[in-house]
Amino acid sequence: MEANPITGTPLNRIDGLLKVTGKAAYATDYPVKNLAYGYLFKSTVASGTITQIDDAAAKKAPGVITIITHLNAPKLNVKGGLRGGALLQGPEIKFNGQHIGIVVAETFEQARYAARLIKVQYSNDAQAKTDFEKLAPQAVPAKEPEVRRGDVDSAMAGAAVTVDQVYETPIEHHHPMEPHATIALWEGDKLTLYNSSQIVNGAQTAAAKTLNIAPENVRIISPYIGGGFGSKGGQWANLALAAVAAKMANRPVHLALSRQQMFNSVGLRQHNIQHLKLAATKEGKLLALGHQTTTHTAIDDEYTEPCGDCSKVLYAVPNALINYKVVPMNVIMPTYTRGPGKSTGSFALESAMDELAFKLQMDPIALRLNNEPAQDPTTGKPWSSRKLVECLKEGAKAFGWDKRNPQPGKNIQGDYLVGHGVACGSYPARQRDSSAVIKLTNDNGKVQAVVELAAADLGTGTYTILAQTAADGLGLPVAQVRIKIGDSDLPPAAGSVGSVGATSYANSVNDACSKITTELMMKSGKQFFVRPTAAQLMTSERLNTFETRMDTKPLADADNYSAHSFNANFAEVWVNRFTGMVKVKRFLAVTAAGKIINPKTARSQIIGGNVWGIGMAITEESVIDPRWGNFITRSFADYHVPVNLDVGNLDAIFINEDDKHANKLGVKGIGEVGIVGVAGAIANAIFNATGKRVRELPITPDKLI
Amino acid sequence: MRPFKYTRATSLSSAVKELSGNAQSRILAGGTNLLDLMKEDVERPEELIDITHLPYSSVKSSSQGAAKPGVLLDALGKNAETANHPLIRSQYPMLSQAILAGASAQIRNMATNGGNLLQRTRCPYFYDVAMPCNKRTPGSGCGAMEGFNRMHAVFGWSDKCIAVHPSDMAVALAALDAKVLVQNPSGQQKRLTFDEFFRLPGDAPEKDNNLQHGDLITGIELPASNFADHSYYAKVRDRSSYAFALVSVAAGLQLNGKEIIDVRIAMGGVAHKPWRALTAEKMLKGKEATEANFKAAAKAEMAAAKPHEYNKFKIELGERAIALALTKALNYGS
């Protein structure tokens, strides 16, 4: 390691210039010759059976090459690992917006036009399950494991102070700026898929299995990703259907989803009803925590957002019951959505904690400090590291918490009611198997490195942190390190999902650097008093090229510890007392997430998560019309992501944390935790501002007048 | 997008002639709504007649030399330029505010003043061709009536349609008693009041307004304003920008001391057209400009509202927005 390491310093993105000059090629930017364009058409009913497809007019439309439906699609493996079904394998309709066919034409506009000429008849099915509010009472226990210790209800019955409330969060959609889009190109048996993928190797295996071909015949190319937020982790039907279309058209095919199609093609964050119970002594010691989540899943597959995860780790509490109920619905399969379970679950838990603090007439920070657990309250394992207390204390100081008026509705500034709120969050820190190859060259004394692994950069800085890691590991300036990622031909790597990316990739690159240095030392046959760098060895040994591969696994004893990133979030809201409109004037996220490789990209990632959290708190909601099971909010005019005016000053602070147990580098990951706790802090600030406790997100003006 | 013919008009009269010669033609001005609707397959014109390049984009005094001139907005003037024009900012501040409360900076740079009046509703059932909508497909039913109608009308709706007009600009124009200048195929100029121009859905919600095919909006005439000193546009929406109004209110007061000589109140987000709050206006004329009187008038206006399942909140929000806009108008500039 260098004396002045580049890791830990705020470096600009090394791919920044490519991005802002338009030179970074995204999935459909590749200049593939003879490209044809696909357009998906979708069911307009939520359940039933296709009885007739009239495509006579579409076939005759200008530019049409082929039309693919379940009647002529090849047999695919529906259990190949693509999420959400909709692979054109039969006439059954399972949700409104299910893909039912593809038109391939010379241009995108021709394909879309022809698709609109197709008339589809369905047999009616009055039994479509589309109304969550009505179906929720029929929910049954989910597969997501229950946590039970002690007896919550007895503790509630005997406690001095209790909170027993229901919190509700709506369906949300990921909506990365780059919609899901693929170019599929067959060369003989070999298939190339230009497709933005959070898990490059996962996309490769799922595509291959679904198409019933060997994984080595599928290559995923995904060097840049225009956001994903979980929707490009597990891949969806459109990936395989692009390949099917290319095969049947005998042409490379470009298949992109429209923004409207994104609502029912690539998953969603489900509608959750969370029942929270808290019991405490009058001194504010927690006695019981009940957290039951009722939610929905696909009609034929189960995914449950783990809303109780933060409740498992945040506070010391002797009696706990954390469980899940789920009801299948004729709605597209839900999936991992940024901070899955933790963002929505922490809204419920941290709102309830705020309600408890108010009942106790106790400062909400003091209540949390009062219930700090010495070890993981659910598993009993020691923490790999935990600095939530420092997050709360440092944050309170930086935010000016002491100036908050604890009495709600008292801080009036002109047209506005001003309020301050706090909420905590956590996200598991995990490492996954990941490999890396390092190739060193020496050109007349100028040593350069190429680092290769099938990693994914969502746009958050993976290229940059890996260049920093390799630069330190090899003794080279960052400018002499080239990172090659986003290609399944490269050594297999973990995915950029669940906050495992930075941890898994950086540890493998760091290990590969150590390995290549050791190999170079052995090759030299010399003894060294001070360990030289790989760069020095390449020069001293006059080597032109040298390479090695490292396959890194998590630490053998990592499972003996409970490893999480933690944060404390502070919000200042201004609520217009006439209109109920909310502005988040200030937001501060204080995060303890182990070693921060690049404080600049890390800060961007945290405040990006904060912005989505603001959306979750005050603007975002997808609405289904239960009569048809379709999304009524189906564009950015109706699905409101926050705009600049909704978002005030954002600030992010990292607490230094030297974690020796989570993984070798002590990196915990920050991708998910930035959105966790945000909605809770804002909802609590709105209560402090107005005295109104809104338990149903988003907190739109109609809920505050 | 369906294939269509593109015609570049050489003059206003050639545009009108081409327009009247094809019942399935549409005028292309800013295109910010029409092109979106074509991509969604809602609008299916056979022909687009492009007038964007024609020289009708000025904002000027309508009667030079008169003691109190009004202002003429040419139809092709851009929303952004109009909002920021010194005449509009000084004489019609509520119009400037209303335009700037609408859409996004990018859209306002493209959208024209004539086109703004012709925006189609943002009802999601209108936009989704798989849904019933009497406005899009007469006779297919109204999806919103028993559906997700949070954004919908509380005044003047019919059993065929509960859509609202989406414009902010038109709300201020309604309050200002603007007139719409229209050229018809036989070359005649019409001058329509907002009441004559806009319509309620009734039995024919497919008609947003009373223009005949072949009519072309050439301009908007603003009468001399007595409200420059006391006017305000209040817009309540789900986010701070780039969202349609839950409720909006354009309010103008003409005062003699504390007495209200004249008052104008128009509402957006509540009806198929910009809704003049005539009940409230009538109550306030001759009264003192006080918050209590504003609130009473607002309450009286909203008493006639007939909400649906998801937009009941618009009654209280409407009351609040009227009172807020009037109070802000009263204190405007102070």
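Glu657(A) sits in the loop that joins β27 (647–654) to α16 of chain A, where helices (H or I, at least four residues) and strands (E, at least two) are DSSP runs numbered from the N terminus. The structure is a predicted model, in which local features need pLDDT of at least 70, side-chain atom pairs count only at pLDDT 80 or more, and totals for chains, interfaces and linings use all residues. Residues are numbered from 1 along each chain as its sequence is written, while chains are lettered from A and ligands numbered from 1 in the order in which they are written.

**Two buried loop residues of chain A**

Glu657(A) counts as buried because 22 other C-beta atoms lie within 10 Å; a residue is buried if 20 or more other C-beta atoms lie within 10 Å of its own, exposed if 12 or fewer, and partly exposed in between, with C-beta atoms placed from the backbone. Leaving out residues up to four places away in sequence, Glu657(A) touches Ser385(A), Lys387(A), Ala592(A) and Gly594(A), contact being defined by C-beta atoms, placed from the backbone, that lie within 7 Å. Lys668(A) is 11 residues from Glu657(A) in sequence, and their C-alpha atoms are 9.8 Å apart.

Phe263(A) belongs to the loop between β13 (253–256) and β14 (272–280) of chain A, and it is buried, with 25 other C-beta atoms within 10 Å. Apart from neighbours within four places in sequence, Phe263(A) is in contact with His173(A), Ser622(A), Phe631(A) and Arg634(A). The C-alpha atoms of Phe263(A) and Asn630(A) are separated by 9.2 Å, although these residues are 367 residues apart along the chain.

**Domains of chain A**

Chain A is divided into domain 1 (16–24 + 431–553), domain 2 (32–126 + 177–227 + 232–264) and domain 3 (341–429 + 560–703), with bounds that come from an automatic or database domain assignment. The C-alpha centres of domain 1 and domain 3 of chain A lie 36 Å apart, and the contact between these domains takes 16 residues from domain 1 and 16 residues from domain 3. On the side of domain 1 that touches domain 3, the elements giving two or more residues are α12 (462–474) and α13 (501–524) of chain A, and α13(A) gives the most, with 6 residues. That side of domain 1 has 4 nonpolar, 12 polar and no charged residues, where Ala, Val, Leu, Ile, Met, Phe, Trp, Tyr, Cys and Pro count as nonpolar, Asp, Glu, Lys and Arg as charged, and the others, Gly among them, as polar.

**Helix spans and backbone details**

The expected span of a helix is 1.5 Å times one less than its number of residues, and two helices of chain A can be set against this value.

| Helix | Residues in helix | Expected span | End C-alpha distance |
|---|---|---|---|
| α9(A) (342–360) | 19 residues | 27 Å | 25 Å |
| α13(A) | 24 residues | 34 Å | 34 Å |

Of the 19 residues of α9(A), 17 are buried, so this helix is largely enclosed by the rest of the structure. Just after α9(A) comes Gln361(A), which has a positive phi of about 55° although it is not a glycine; Gln361(A) lies in the loop between α9 and α10 (364–369) of chain A and counts as exposed, with 10 C-beta neighbours inside 10 Å. Gly525(A), which follows α13(A), also has a positive phi, near 70°. In the segment after α16 (678–690) of chain A is Pro698(A), and the peptide bond from Leu697(A) to Pro698(A) is cis, with omega near -5°.

In chain B, Asp177(B) is a residue other than glycine with a positive phi, near 60°. Asp177(B) is found in the loop between α9 (169–175) and β6 (179–183) of chain B, and it is partly exposed, with 17 other C-beta atoms within 10 Å.

**Chain B and its contact with chain A**

The contact between the chains takes 23 residues from chain B and 28 residues from chain A. Helix α13 (residues 313–330) of chain B provides the largest share of the chain B side, 6 residues, and by class that side has 12 nonpolar, 3 polar and 8 charged residues.

Within chain B, the axes of helix α12 (residues 291–302) and α13(B) come within 8 Å and cross at roughly 145°; axes are lines fitted to C-alpha atoms, for helices over the stretch in contact, and angles run from 0 to 180 degrees between N-to-C directions. The residues of the contact of α12(B) with α13(B) divide into 7 nonpolar, 2 polar and 5 charged.

Definitions and conventions:
Two residues are in contact if their C-beta atoms, placed from the backbone, lie within 7 Å.
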